[in-house]
Amino acid sequence: MQFSARDLPGHKKLKTRQLGQGTVDELELRDLKSELTDRERKYLEEKGKVVDVAQQKILRLKENKMLLLKGDEWEDRAKEVQTQYDDADDDTRQNDSDDDSDSDDDSEDEEEELMRELEKIKKEREEERLKKEAADREAEENLRKEEILLGNPLTSRQSSNPSGSATIKRKWNDDVVFKNQTRNEPETKKRFINDTIRNDFHRRFLKTYIQ
């Protein structure tokens with residue numbers, strides 16, 4: 001039995017990392033965080049941006065402290081504004097209670113007037129709708145009558161011919177010589193025989209060319 005070299009197994013052993021190729025033991029001995037910070041510092045130095053890490057930490061602490069102080073000041077200011085608005089609301093509520101009695105009468109009159117206007121608008125729209133429906137029905141009736149008149153050939157010809165003659169126009173080939181020449185000839189009944197020797201075509205052929 002023959003085998004091809006391509007059918008034979010080629011790799012029988014799993015490849016593993018060798019020394020110097022980043023094995024697990026080598027990665028445990030490396031400080032990846034310090035390497036990353038060193039790379040970032042070198043990149044910034046190449047770009048011309050010298051960074052002092054200690055100075056950055058001090059500035060960040062100062063900014064956080066200022067934000068906390070400002071937050072306390074804003075809270076005190078918000079409380080003062082809230083108390084001022086609460087006092088103003090109490091005064092306006094007392095004044096509003098006196099004005100409500102006068103405004104109730106005016107609002108009732110306005111509501112009645114609005115209701116009358118709404119009723120008037122509804123009536124006008126209903127009248128317009130009825131008029132439109134009547135006009136549509138009349139147009140449909142006229143169209144139906146016109147279709148009935150045009151559907152009758154006699155009435156349509158009388159309308160087109162004012163003389164009133166109801167003669168039907170004949171075609172140009174009704175009186176042609178070759179139009180009805182086979183009208184008086186006897187009709188030959190066709191028959192079908194499923195035999196190539198006894199059928200009518202074979203008999204006519206023999207009568208014409210043999211006999």
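**Exercise 1.** In this predicted model, classify Arg198 as buried, partly exposed or exposed.

*Solution.* Arg198 has 45% relative accessibility, so Arg198 counts as partly exposed. The class between buried and exposed runs from 20% to 50%.

**Exercise 2.** Which residue forms a salt bridge with Arg198, and how exposed is that partner?

*Solution.* Step one: find the partner. Arg198 pairs with Asp195, with the closest N and O atoms 3.1 Å apart. Step two: check the cut-off. A salt bridge needs the nitrogen within 4 Å of the carboxyl oxygen. Step three: classify the partner. Asp195 is partly exposed, at 27% relative accessibility.

**Exercise 3.** Describe the contact between Arg30 and Glu35.

*Solution.* Start with the distance. The two side chains meet in a salt bridge, 2.9 Å from N to O. Then take accessibility. Arg30 is at 41%, so Arg30 counts as partly exposed. Glu35 has a relative accessible area of 26%, so Glu35 is partly exposed.

**Exercise 4.** Where in the helix do Asp38 and Arg41 lie relative to one another, and what network includes them?

*Solution.* First, the pair. Asp38 and Arg41 form a salt bridge, their closest N and O atoms being 3.8 Å apart. Next, the spacing. Both sit in helix H2 (residues 32-46), three residues apart, so about one helical turn separates them. Then, exposure. Asp38 is partly exposed at 34% relative accessibility. Arg41 is partly exposed at 38%. Last, the network. Salt bridges link Asp38, Arg41 and Glu45.

**Exercise 5.** How many salt bridges does the model contain?

*Solution.* Apply the 4 Å cut-off. The count comes to seven salt bridges.

Methods. Residues are numbered from 1 along each chain as its sequence is written. This is a predicted model: local features need pLDDT of at least 70, side-chain atom pairs count only at pLDDT 80 or more; totals for chains, interfaces and linings use all residues. Side-chain values use heavy atoms; hydrogens and water are left out. Buried means under 20% relative accessible area, exposed over 50%, partly exposed in between (1.4 Å probe, protein chains only). Helices (H or I, at least four residues) and strands (E, at least two) are DSSP runs, numbered from the N terminus.
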